[in-house]
Amino acid sequence: MNALLALTLVALSAAPLDTGSTRVKRLAVVVGANRAAPGRTPLRYAHRDAHNLASVLVEAGQFSREDIVVLEDPEPSRVLAALDSRLERLGKEGREGMLLFYYSGHSDERARYPNGQPLELKELRTRLEDGRAAVRVGILDACQGGSWTRAKGLTTAAPFSVEVPLGLSSEGSVLLASSTGQEASHETDALQGSFFTHHLVAGLRGAADEGDDGQVTVGEAFAYAQRLTIRDTSLHGEAVQHPSFDLRLRGRQDLPLTRLASASSTLEVRQEMGPLQVIQLHSGLVVLEVPEGRRALRMALPVGPYLVRRRTPEGTFAREPQVEAGKTVTVHEENLELIGAPGLAAKRYSRPLAATLTTLPAGTHAVRLSVSTGYGETRLSTPPTVYASTPSLGVGYRVGLSDRLELAVGGLPAVRFSRPVQVAAGIPSPTLSYRLGEAGRSEWVPFANVGVGAVSGTWPDVLFLEAGLRTRWWLSGSSSVHAVVSAYTPVHAPWYTPPGGLPVVRFWVPSVGAGYSVTLGEVVTLGIGFGASTSILERNTVRLPDGTLAEIEHEFDMGLRIGGGYGSTFPLLSVHLDEVWSLTGNASVAFSLRGKGSMSNSFSAGVLATF
């Protein structure tokens with residue numbers, strides 16, 4: 001939700017107003033508008049914000065329940081009628097009083113949108129400048145607040161400390177806004193409301209009581225909500241909200257909005273260090289936060305079970321008080337009990353599994369043994385040639401040379417389960433990879449591979465060169481997306497002679513790929529990916545198995561792979577038995593987009609050891 005908060009106080013009466021006296025009439029109109037304004041999406045928690053504010057006004061703000069009207073998505077005319085009736089009531093009674101107006105919903109530079117319909121800002125301003133109420137308080141949790149506070153700039157301002165004298169015996173006004181210009185804020189599932197209204201309500205419940213005098217003023221509530229809104233929007237929002245203000249007062253008094261002594265059920269927290277959080281157990285929501293420092297706070301809370309907790313590097317300390325009607329329950333920070341070390345319940349291993357990292361840490365080795373097989377067909381002849389690869393046992397090796405540089409060696413000896421069993425000596429093929437960026441955010445890994453081969457029987461007569469870049473973007477602590485771009489080419493030695501007297505073919509193969517991997521419960525890692533490649537070469541003549549010659553032109557091949565090979569090094573399935581051992585399984589299919597191309601499938605299963 002794009003959000004602005006404006007607090008408007010106008011005091012025109014020169015006579016002192018005793019805010020602690022019951023003769024001060026306090027009336028309120030509270031509006032929550034979830035329905036979408038034109039061109040906007042519906043909100044989710046504006047109704048809840050309105051009810052939360054109304055509750056704290058009744059429980060600690062000396063407002064009678066019958067003197068507060070809460071409207072959910074009302075017609076604009078109904079909002080104005082509610083304000084007019086309360087102004088008329090205050091005017092007839094002829095005594096000093098307060099009119100509070102709250103709105104949560106969509107807005108723009110000229111209007112609010114209750115029920116998705118425009119309510120002109122000038123109509124609201126007229127009511128909030130009406131002298132029949134000695135004090136008028138306007139709270140708007142909506143977008144584009146510049147028009148309310150007349151702050152026209154579109155650039156953010158630095159945060160400021162708030163010490164606002166809101167004297168009831170003075171003339172003038174104070175306009176406070178939670179954002180400058182058109183800064184964005186949001187409602188959030190974690191709080192089930194908007195950032196600013198949530199923290200404002202928490203402050204009014206007692207968390208903002210800086211003077212430890214049992215009352216919360218407008219200045220204290222705004223300073224508390226401002227600080228936590230800046231913090232939360234820095235962490236979770238698209239842009240940081242910086243509250244703005246317009247101060248036009250001559251008095252020096254502040255305006256108490258809530259008095260904790262008037263609450264029927266309270267929780268008193270005696271804090272030595274802090275900060276502390278108070279969580280409502282039946283909803284699981286953090287209802288308020290107590291800033292750092294030594295203090296004793298009384299907080300007005302609804303009846304029910306709560307959790308008071310303090311998080312430290314050594315662990316979480318907590319206690320569960322039960323707030324009861326007509327009573328004050330006291331919790332001392334020194335009596336909080338250690339309930340667990342950080343992350344003990346959530347983490348299976350003390351450090352990230354090496355098998356799930358992009359590159360291995362320094363001094364870490366990984367050895368993979370796997371059995372692989374496959375089959376496919378080539379459509380270059382009629383009928384197509386179908387073939388199957390002999391199952392074989394192969395080995396792969398990786399080692400972390402530093403925390404960023406890794407060496408992988410392929411082409412190691414393999415055993416083919418043919419009759420008779422054959423051992424392929426293999427020629428080691430090293431790959432160097434260097435990781436840039438930080439794990440858990442974004443990683444960039446350039447790599448290069450060199451292979452040596454003997455195609456014509458005179459060793460060595462060809463080098464296989466490959467270079468590329470892998471990237472990895474982390475979506476969370478356990479899931480990430482991958483991408484790779486690379487190019488491969490063979491370089492033949494001068495003494496290389498193609499079989500059958502055919503000419504040497506020079507070509508290179510660019511390829512791109514993308515994939516996704518996720519580790520579930522630190523037990524199973526799943527990987528899936530796809531890739532596309534094309535061979536860039538001159539017209540080539542090849543001899544088919546039946547002895548005939550065929551011309552091969554530039555052909556575009558696309559391979560769809562489930563598992564490693566495109567974008568990431570993760571196979572289709574890895575089951576992590578512990579920090580060292582993992583079982584792996586992989587499957588892939590690759591095919592040519594051209595009708596005369598080929599299709600192949602491959603399968604493997606094995607065991608991976610990282611140590």
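Visitor: What makes α5 mostly covered?
Guide: This is a predicted model. In it, 13 of the 13 residues of α5 are buried. Each of them therefore falls under the cut-off of 20% relative accessible area.

Visitor: How do you know what a straight helix of 13 residues would span, and what does α5 span?
Guide: The expected span is 1.5 Å times one less than the number of residues. For 13 residues that comes to 18 Å. Between its end C-alpha atoms, α5 spans only 15 Å.

Visitor: And helix α1: how do its expected span and its end C-alpha atoms compare?
Guide: They agree. Helix α1 runs over residues 46–60, which makes 15 residues. At 1.5 Å a residue it should span 21 Å, and its end C-alpha atoms are 21 Å apart.

Visitor: Which residues of α1 are buried?
Guide: Among them are Ala46, Asp49, Ala50, Leu53 and Leu57. His47, Ala54, Val56 and Ala60 are buried too. As a general point, an α-helix has 3.6 residues a turn, so residues three or four places apart point the same way.

Visitor: What comes just after α1?
Guide: Gln62, with a positive phi of about 65°. Gln62 is a residue other than glycine. Its place is the loop between α1 and β3.

Visitor: Why does Gln62 count as partly exposed?
Guide: Its relative accessibility is 31%. Buried needs a value under 20%, and exposed a value over 50%. Gln62, at 31%, lies in between, so it counts as partly exposed.

Visitor: How does Asn115 count: buried or exposed?
Guide: Asn115 counts as buried, at 10% relative accessibility. The cut-off is under 20%. Asn115 also has a positive phi, about 60°, and is not a glycine. Its loop runs between β5 and β6.

Visitor: How many aromatic pairs does the structure hold?
Guide: Three. One of them joins Phe196 and Phe222.

Visitor: Why is the pair of Phe196 and Phe222 called tilted?
Guide: First, the centres are 5.9 Å apart, and a pair needs them within 6.5 Å. Next, the planes stand at 45°. Stacked needs under 30 degrees and edge-to-face over 60, so this pair is tilted.

Visitor: What does the pair of Phe196 and Phe222 tie together?
Guide: Phe196 lies in helix α5 and Phe222 in helix α6, so the pair ties together parts that are 26 residues apart in sequence. Both Phe196 and Phe222 are buried.

Visitor: What are the rings of Phe464 and Tyr488 called, and why?
Guide: Their centres are 6.2 Å apart and their planes are at 5°, so the pair is stacked. The cut-off for stacked is under 30 degrees. This pair links distant parts of the chain, with Phe464 in strand β31 and Tyr488 in strand β32. The two are 24 residues apart.

Visitor: Why does Phe464 count as partly exposed?
Guide: Its relative accessibility is 26%, and partly exposed lies between 20% and 50%. Tyr488 counts as partly exposed as well, at 28%.

Visitor: What makes Arg470 a residue that lies over the face of Phe447?
Guide: Arg470 is at 4.3 Å from the ring centre. The limit is 6 Å, together with an angle within 35 degrees of the ring normal. Arg310 lies over the face of Phe317, at 5.3 Å from that ring centre.

Visitor: Why is Ala414 called buried?
Guide: Its relative accessible area is 18%. That is under 20%, so Ala414 is buried. Ala414 belongs to strand β26.

Visitor: What is Ala414 in contact with, leaving aside its neighbours within four places in sequence?
Guide: Leu393, Gly394, Gln422, Val423 and Ala424. A contact here needs heavy atoms within 4.5 Å.

Visitor: Which residues are joined by a cis peptide bond?
Guide: Gly274 and Pro275, with omega about 0°. Pro275 is in the loop between β14 and β15.

Visitor: How many cavities of 30 Å³ or more does a search of the whole structure find?
Guide: Two. The largest holds about 70 Å³ of space. Its lining includes Ala355, Arg368, Phe570 and Leu608. Strands β38 and β39 each give two or more residues to that lining.

Visitor: What does the secondary structure of the protein chain come to?
Guide: Six helices and 40 strands. Of the 611 residues, 48% count as buried.

Note on methods: Residues are numbered from 1 along each chain as its sequence is written. This is a predicted model: local features need pLDDT of at least 70, side-chain atom pairs count only at pLDDT 80 or more; totals for chains, interfaces and linings use all residues. Side-chain values use heavy atoms; hydrogens and water are left out. Helices (H or I, at least four residues) and strands (E, at least two) are DSSP runs, numbered from the N terminus. Buried means under 20% relative accessible area, exposed over 50%, partly exposed in between (1.4 Å probe, protein chains only). Rings of Phe, Tyr and Trp (its six-membered ring) pair if their centres lie within 6.5 Å; planes under 30 degrees apart count as stacked, over 60 as edge-to-face and the rest as tilted. On a 1 Å grid over the protein atoms alone, a cavity is a set of points where a 1.4 Å probe fits but cannot get out, and a pocket is an open set with protein on both sides within 12 Å along at least five of seven lines; lining residues have an atom within 4 Å of a point. Grid points are joined across faces, edges and corners, and a volume is the space filled by probe spheres set on the points.
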